[in-house]
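Trainee: Before I rely on words such as buried, exposed, core or cap, I would like to hear how each of them is justified.
Mentor: Then let us put the model in front of us and take the words in turn.

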Amino acid sequence: MSKTVFLNNKIVEDCKQNNAKAQMQLYDMYCQAMFIIAQRYVRDSFVAEDMMQDAFIKVFKNINGFKGEVTIGAWIKKIVINQCIDYLKKKKIELVSIEEKQLAIVDNDDWAVNEKVNIDIVTSAINSLPEKYKVVLNLYLIEGFDHQEIAKVLNITEVTSRSQLMRGKNKLKGQLKQYNYA
């Protein structure tokens, strides 16, 4: 076991004992990364900070449920994502449902872009999309969720997930055309 893994395990075990110093260490280790994740889902940085803070409250309330099956960072990340999605659901983002027979989904995964395009440009473009597309794009492209997982998390059908992803990709491609998107 590496020194880092041992240290992380010790911090988690101390957090399970309600050790405030360990909780602060865990928070300091992950707060910046979790804030960035929250910002992928909510545009307002103040709301993203609230989502991240609320997620950490849940982390510390439920730390005894952490079994170590994934890293503590992955476990916290899932809580942050769920916190943001719950917030968006409360805001009633509208995810349009389409009958399967009305839509033929073509998944064109050609994402070739000019070398001038960097992650900041793509992230900015994604963040400028309407929330209903941004959430599905983030879950699918960045978090690696499949359509079944997205459907379950957002309480929509898989067809709706696919259609929102397709529409979001098309809008994103349109925004990247200014960078000579192929």
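What follows is a conversation about the terms applied to this predicted model.

Trainee: What is the secondary structure of the chain, and which pattern does the chain follow along the sequence?
Mentor: The secondary structure comes to eight helices and zero strands, and read along the sequence the pattern is α-α-α-α-α-α-α-α. Buried residues make up 40% of the 182 residues in the chain, and among contacts between residues at least 6 apart in sequence, 73% join residues at least 24 apart.

Trainee: Why is Asn138 called buried?
Mentor: The relative accessible area of Asn138 is 1%, and buried means under 20%, so Asn138 is counted as buried. Asn138 is found in helix H6, residues 131-142.

Trainee: What does the side chain of Asn138 reach, and what makes that a polar contact?
Mentor: The side chain of Asn138 reaches the backbone oxygen of Arg40 at 2.4 Å, and since a polar contact requires a pair of N or O atoms within 3.5 Å, the distance satisfies the cut-off. Leaving aside neighbours within four places in sequence, Asn138 is in contact with Arg40, Tyr41, Ile126 and Glu143.

Trainee: Is Gln148 buried or exposed, and how do you know?
Mentor: Gln148 has a relative accessible area of 54%, and exposed means over 50%, so Gln148 is called exposed. Gln148 is placed in helix H7, residues 147-154, and from C-alpha to C-alpha it lies 9.4 Å from Val159, while the two are 11 residues apart in sequence.

Trainee: Which residues of H7 are buried, and why are they said to line one face of the helix?
Mentor: The buried residues of H7 are His147, Ile150, Ala151 and Leu154. Seen down the axis of H7, these buried residues fall within an arc of 100°, so they line one face of the helix. On the other side of H7, Gln148 and Lys152 are exposed. The cover over the buried residues of H7 includes helix H4 (72-90), H6 and helix H8 (158-176).

Trainee: Why does His147 count as buried, and what is it in contact with?
Mentor: At a relative accessible area of 7%, His147 falls under the 20% cut-off and is therefore buried. Leaving aside neighbours within four places in sequence, His147 is in contact with Tyr140, Glu158, Ser161, Arg162 and Leu165.

Trainee: What caps the N-terminal end of H7, and what follows the helix?
Mentor: Asp146 caps the N-terminal end, where one of its side-chain oxygens lies 3.1 Å from the backbone nitrogen of Gln148, a distance within the 3.5 Å allowed for a polar contact. H7 is followed by Asn155, whose phi is positive, near 60°.

Trainee: Where is Asn155, and why is it called exposed?
Mentor: Asn155 is in the loop between H7 and H8, and with a relative accessible area of 68%, over the 50% cut-off, it is therefore exposed. Asn18, in the loop between H1 and H2, has a positive phi of about 60° although it is not a glycine. Asn18 counts as exposed because its relative accessibility is 59%, where exposed means over 50%.

Trainee: How many disulfides does the structure hold, and why are Cys15 and Cys84 called buried?
Mentor: The structure holds zero disulfides; to count as one, a pair of cysteine sulfur atoms would have to lie within 2.5 Å. Cys15 is called buried because its relative accessible area is 0%, and Cys84 is called buried because its value is 0%, where the word requires a value under 20%.

Trainee: How many residues does the largest nonpolar core have, and which of them have the most contacts inside it?
Mentor: The largest nonpolar core has 49 residues, and those with the most contacts inside it are Leu26, Phe56, Ile72, Ile76 and Leu139. Helix H1 (3-16), helix H2 (20-41), helix H3 (45-61), H4, helix H5 (119-127), H6, H7 and H8 each supply at least two residues of this core. The largest share, 10 residues, comes from H2. Leaving aside neighbours within four places in sequence, Leu26 is in contact with Ile11, Cys15, Phe56, Val59, Phe60, Ile63, Ile72 and Ile76.

How values were computed
Residues numbered from 1 in each chain as written. Predicted model: local features only at pLDDT ≥ 70, side-chain atom pairs only at ≥ 80, totals over all residues. Heavy atoms only, no water. Helix = DSSP H or I, 4+ residues; strand = E, 2+ residues; numbered from the N terminus. Buried < 20%, exposed > 50% of the residue type's maximum accessible area, 1.4 Å probe, protein only. Polar contact = N/O pair within 3.5 Å; in protein donor to acceptor, adjacent residues only side chain to side chain. Contact = heavy atoms within 4.5 Å. Arc of directions from axis to C-beta. Core = buried A, V, L, I, M, F, W, Y, C linked by side-chain atoms within 4.5 Å.
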